[in-house]
Amino acid sequence: MPKHLTRNTLDPARLPPALTPRQFVDLSGFSSATVYRWLESGYLRGTKAGPKLWRIPRSELA
């Protein structure tokens with residue numbers, strides 16, 4: 001587990017409703033290349049909030 005993640009961070013009630021790709025990578029264990037590839041292909045649900053800015057719903061962790 002990365003150093004900046006704590007038990008409070010992993011508590012689903014404390015997670016923000018939308019995660020950044022980096023947060024998703026840290027919590028899921030997948031590589032960032034995989035997460036971005038899944039976002040671009042539609043395999044992973046996400047919303048583009050800018051040219052290079054993605055937000056992934058917390059529900060995608062399940």
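Two rings of Phe, Tyr or Trp, the last taken by its six-membered ring, form a pair if their centres lie within 6.5 Å. By that criterion this predicted model holds 2 aromatic pairs, and the tour begins with them.

**The aromatic pairs**

Select F30 and W38. Their rings form an edge-to-face pair, 4.8 Å from centre to centre, with 70° between the planes. Next, add Y43 to the selection. The rings of W38 and Y43 have centres 5.0 Å apart and planes at 55°, so this pair is tilted. Edge-to-face requires planes over 60 degrees apart. With all three residues displayed, the ring pairs can be seen to link F30, W38 and Y43 into a cluster.

Switch on a surface and consider each member in turn. F30 is partly exposed, at 39% relative accessibility. W38 is also partly exposed, at 21%; the buried class applies under 20%. Y43 is exposed, with a relative accessible area of 61%.

**Helix α3**

Now select residues 32–41, which form helix α3. Which residues of this helix are buried? They include T34, V35 and L39. These residues cover an arc of only 135° around the axis and therefore lie on the same side of α3. An α-helix has 3.6 residues a turn, so residues three or four places apart point the same way. Rotate the view to the other side of α3, where R37, E40 and S41 are exposed.

Return to the buried side and display α2 (21–28) and β3 (53–57), which are among the elements that cover the buried residues of α3. Then move to G42, which follows α3 and has a positive phi, near 95°.

**V35 and the nonpolar core**

Centre the view on V35. Apart from neighbours within four places in sequence, V35 is in contact with P21, F24, V25, F30, L44 and I56. F30 thus appears here again, having been met as the partner of W38 in the edge-to-face pair.

Finally, select L15, L19, F24, V25, V35, L39, L44, W54 and I56. Together these 9 residues make up the largest nonpolar core. Which elements give two or more residues to this core? They are α2, α3 and β3. In soluble globular proteins, nonpolar side chains tend to be buried together. To close the tour, keep V35 and L39 highlighted: both are buried residues of α3, and both belong to the largest nonpolar core.

How values were computed: Residues numbered from 1 in each chain as written. Predicted model: local features only at pLDDT ≥ 70, side-chain atom pairs only at ≥ 80, totals over all residues. Heavy atoms only, no water. Phe/Tyr/Trp six-rings, centres within 6.5 Å; stacked < 30°, edge-to-face > 60°. Buried < 20%, exposed > 50% of the residue type's maximum accessible area, 1.4 Å probe, protein only. Helix = DSSP H or I, 4+ residues; strand = E, 2+ residues; numbered from the N terminus. Arc of directions from axis to C-beta. Contact = heavy atoms within 4.5 Å. Core = buried A, V, L, I, M, F, W, Y, C linked by side-chain atoms within 4.5 Å.
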